[in-house]
Amino acid sequence: MPNIRIAPWKENKRFAYSITYDEGLVETLGFAWRLHRQYGIPGQINVYPEMLGKLTGDLSAGFLQSLWNLQKFAEPEHLQFLLREGWRVGCQSKLDNPNAPAESLIQQRLELENAIGHPVRCLAFNDATSATKWRDVAEQAGFAWQFTLHDALNDADDSSTVIKRAPLYHLGPTPNHLANDPYRLLALVRDRGAWVVDVVRLVDRYPQDPTRDCTPAELEKRFQAVRKIGAENIWVAPPEIIADYRALRLRTRFADIAITREQVAFTLAVSGARALQPLTWLCDLDPVWRAPHALMSDGNAIPLQRTADNAAWMFDCPPADQARITMFDGAERKP
Amino acid sequence: MNAQICTWKYGCKFAYSITYDEAFEDLLAHALPIHRRYNIPGHLVAVAGQLGQVRHVPSSSYSGKCRHLSGAQMRELIVEGWSVGDHSMTHGDLNVNPIAEVLESKRVLENALGQAVNVFHLPGADFSFAPAARYFESAGFLAVFFADDRVNSNDPDLFGLSRTLVYVRAGQPEFPLYDPFPRVYDPYHRLHEALDCGGWIVDLTHLVSPEPIALWKDATPEILDARFNCVRRVGGGWEWATEPEQVIDYILMRRAATLTPIEWGDKHSAWQLKLADVPTPVKSRELSATLELSAPISNPSIWIDRQPVAKFDRQDDRNVTWTWLARDGQRIELRWQ
């Protein structure tokens with residue numbers, strides 16, 4: 001019987017990598033985005049909607065002193081530029097009204113969406129506990145994903161909406177004195193077929209918070225390590241896209257599987273999710289088939305490709321509830 | 001044809017060591033079997049004033065809970081290839097009584113072990129280094145270790161060596177003010193980096209136990225096993241996994257050594273080894289060298305002072321690597337047919 005399944009990660013990559021930037025400081029973007037473009041790694045930035053374009057710091061200090069202690073937050077056009085680069089934008093959590101937290105979060109989401117002209121579906125917390133605590137409220141407010149600061153890997157079969165993020169740091173505090181390791185967690189995530197999500201606050205030559213910031217050189221070494229360890233086996237995308245894929249995969253079921261010598265057909269059952277993006281389907285077919293195709297409900301036929309390890313066939317298509325997919329050998333009959 | 005002293009012994013690409021601060025007795029049950037399985041000797045970091053005693057350091061997580069190894073127990077481990085470093089007399093601030101903490105502790109340990117103790121590991125936070133620094137070299141130490149999570153280069157400042165932590169650390173942060181998020185231990189920590197830069201990783205942990213006491217600095221047997229497994233897999237035979245005294249000795253020997261070509265013939269070439277001053281406490285006086293051949297030759301053999309070297313560490317068409325007990329003035333000869 002053919003084994004039909006959905007690949008844990010898109011295009012049957014073995015593991016996944018994302019990186020996020022909290023707070024949306026403009027210095028971060030100045031140093032980071034060119035590296036992202038150079039290494040083909042689209043990121044995700046999480047911003048405070050009410051802080052867009054604002055300056056913080058000691059504004060009463062003299063001009064020269066202010067140059068050292070002022071920080072500027074990204075403008076909406078900065079964020080739109082990043083969206084065009086393939087990034088995603090999320091909202092940095094700030095619960096203004098604890099008595100009506102959902103309303104407060106909805107207001108922030110709408111404010112950000114209006115500013116950048118793009119849906120905002122992620123809410124980032126800058127501690128280890130709040131994402132779990134406020135998950136239901138965040139979902140009520142329209143945030144599909146909640147980011148937490150919890151140094152761990154995300155498993156392919158984890159259905160939680162809380163995404164764990166492993167901080168990139170410059171130098172850890174006492175008593176551990178941890179320092180940045182550009183390869184950190186990358187070989188481990190490869191071995192486990194999991195997903196690692198980095199988080200950085202500020203990328204600057206002079207990191208301010210050594211436990212959350214890193215230097216441009218450290219970031220570049222990290223990206224080099226991602227590409228070296230990942231090679232052809234890593235899926236690199238903003239976390240929103242990977243989280244959507246994972247959730248969609250876990251919500252998709254097969255039904256009415258019919259197998260004959262000439263074809264393999266099955267119906268999809270997709271619960272509670274829109275077809276946001278294509279999934280990668282894997283199947284082991286009769287070895288005598290020479291040119292397998294997948295015929296969709298809309299009459300479109302897709303040729304299947306061999307996986308990189310040559311162990312199975314694969315094709316990409318978005319799952320639609322109740323859609324029927326029929327696989328056949330295109331060498332035997334016309335698609 | 002080019003002859004050169006190898007960066008690391010046996011022609012390895014990077015070096016790996018692991019150290020156990022406090023040298024607790026639990027290591028015998030929970031760490032030693034794993035060391036034996038992976039053939040990686042360890043290094044004990046002993047508090048000289050409490051050998052064989054239940055720990056009595058009021059500020060320590062382990063005080064009253066763990067027993068230090070005795071001199072006799074440590075001597076048994078030395079026979080297995082382990083080594084011992086000095087962790088001060090009381091595990092206190094070195095500046096309070098540096099003579100006792102740095103000088104006297106060395107003497108006490110050496111008496112207990114019957115051999116020289118050449119490395120010092122700063123106790124507690126590293127702040128006590130600067131004022132006490134003037135004593136280390138005059139006491140005869142060859143190296144001082146910090147705990148600042150870096151890969152050591154292959155030509156490091158031996159009085160400022162780094163160690164990286166192996167730890168359990170799961171769950172919520174112990175010190176949220178300073179370290180706001182939980183951290184997971186990555187068994188590959190710094191291994192690929194060491195392979196890239198040809199450096200030297202020195203791991204640091206404390207208690208190894210199924211029930212660790214201090215999650216940010218202890219390991220479980222499972223974590224230790226995973227770490228050694230990664231060392232061997234990433235190394236792929238190019239890792240020199242040994243105790244740190246061996247590495248320090250090798251660095252000092254390498255720094256002192258020069259190979260000078262002295263003869264070129266149809267069937268042989270020869271070099272002379274010049275060894276400058278090697279510090280007296282250096283225990284292991286072996287060197288490894290690699291001969292890079294300009295063209296493949298048949299049946300190469302190495303002769304040192306006209307005695308053949310029994311075997312090569314590595315050999316391919318263009319390179320031969322071997323290790324020998326080095327002495328100043330030795331004649332090293334390559335013969336072929």
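Which side chain makes a polar contact of 2.5 Å with the side chain of B:Thr323? In this predicted model, the partner is the side chain of B:Asp313. The legends below begin with that residue.

**Figure 1. Surroundings of B:Thr323 in strand β16 of chain B.** The strand covers residues 319-325, and B:Thr323 is one of its members. The relative accessibility of B:Thr323 is 17%, so the residue counts as buried, the cut-off being under 20%. Two side-chain polar contacts are shown. In one, the side chain of B:Thr323 meets that of B:Asp313 at 2.5 Å; in the other, it meets that of B:Ser288 at 2.6 Å. Apart from residues up to four places away in sequence, B:Thr323 touches B:Lys9, B:Tyr10, B:Glu286 and B:Leu287, along with the polar partners B:Ser288 and B:Asp313.

**Figure 2. The largest cavity and its lining.** The structure holds two cavities of 30 Å³ or more, and the largest contains about 70 Å³ of space. Chain A supplies A:Asp22, A:Glu23, A:Asn126, A:Leu149, A:Pro167, A:Val199, A:Val200, A:Arg201 and A:Arg212 to the lining, and chain B supplies B:Phe181. By class, the lining residues are five nonpolar, one polar and four charged. Rolling a probe the size of a water molecule over the atoms shows where empty space is left.

**Figure 3. The second largest cavity, with A:Leu185 in its lining.** The volume of this cavity is about 50 Å³. Its lining is made of A:Ala166, A:Pro167, A:Leu168, A:Tyr169, A:Asn180, A:Asp181, A:Arg184, A:Leu185, A:Asp198 and A:Arg222. The class counts are five nonpolar, one polar and four charged residues. A:Pro167 is listed in this lining and also in that of the largest cavity. A:Leu185 sits in the loop between β9 (162-167) and α7 (186-192) of chain A. Because its relative accessible area is 0%, A:Leu185 is buried. Its phi is near 70°, a positive value in a residue other than glycine. Most residues other than glycine have a negative phi.

**Figure 4. B:Glu22, a residue with positive phi in a loop of chain B.** The loop lies between β2 (14-21) and α1 (26-30). Phi of B:Glu22 is near 80°, and the residue is not a glycine. Is B:Glu22 buried or exposed? With a relative accessible area of 3%, B:Glu22 is buried.

**Figure 5. B:His30 in helix α1 of chain B and its contacts.** The relative accessible area of B:His30 is 25%, so this residue is partly exposed. Leaving aside neighbours within four places in sequence, B:His30 is in contact with B:Val208, B:Ser209, B:Pro210 and B:Pro221. B:Leu207 is 177 residues from B:His30 in sequence, yet the two C-alpha atoms are 9.2 Å apart. One of the contact residues, B:Pro221, is among the buried residues of helix α7 in the next view.

**Figure 6. Helix α7 of chain B, residues 221-235.** How far apart are the end C-alpha atoms of this helix? They are 21 Å apart, in agreement with the 21 Å expected for 15 residues at 1.5 Å a residue; the expected span uses one less than the number of residues. The buried residues are B:Pro221, B:Ile223, B:Leu224, B:Arg227, B:Phe228, B:Cys230, B:Val231, B:Val234 and B:Gly235. An α-helix has 3.6 residues a turn, so residues three or four places apart point the same way. Just after the helix, B:Gly236 has a positive phi of about 55°.

**Figure 7. A:His293 in strand β15 of chain A.** The strand runs over residues 292-295. A:His293 is buried because its relative accessible area is 13%, against a cut-off of under 20%. A polar atom of the A:His293 side chain lies 2.8 Å from the backbone oxygen of A:Ala291.

**Figure 8. A:Ala320 in the loop between β18 and β19 of chain A.** The flanking strands are β18 (313-317) and β19 (324-329). A:Ala320 has 38% relative accessibility and so counts as partly exposed. Beyond its neighbours within four places in sequence, A:Ala320 is in contact with A:Leu268 and A:Val270. The C-alpha atoms of A:Ala320 and A:Leu276 are separated by 9.9 Å, with their positions 44 residues apart along the chain.

Definitions and conventions:
Residues are numbered from 1 along each chain as its sequence is written. Chains are lettered from A and ligands numbered from 1 in the order in which they are written. Side-chain values use heavy atoms; hydrogens and water are left out. On a 1 Å grid over the protein atoms alone, a cavity is a set of points where a 1.4 Å probe fits but cannot get out, and a pocket is an open set with protein on both sides within 12 Å along at least five of seven lines; lining residues have an atom within 4 Å of a point. Grid points are joined across faces, edges and corners, and a volume is the space filled by probe spheres set on the points. Ala, Val, Leu, Ile, Met, Phe, Trp, Tyr, Cys and Pro count as nonpolar, Asp, Glu, Lys and Arg as charged, and the others, Gly among them, as polar. Helices (H or I, at least four residues) and strands (E, at least two) are DSSP runs, numbered from the N terminus. Buried means under 20% relative accessible area, exposed over 50%, partly exposed in between (1.4 Å probe, protein chains only). A polar contact is a pair of N or O atoms within 3.5 Å; within protein, one must be able to donate a hydrogen and the other to accept it, and residues adjacent in sequence count only if both atoms are side-chain atoms. Contact means heavy atoms within 4.5 Å.
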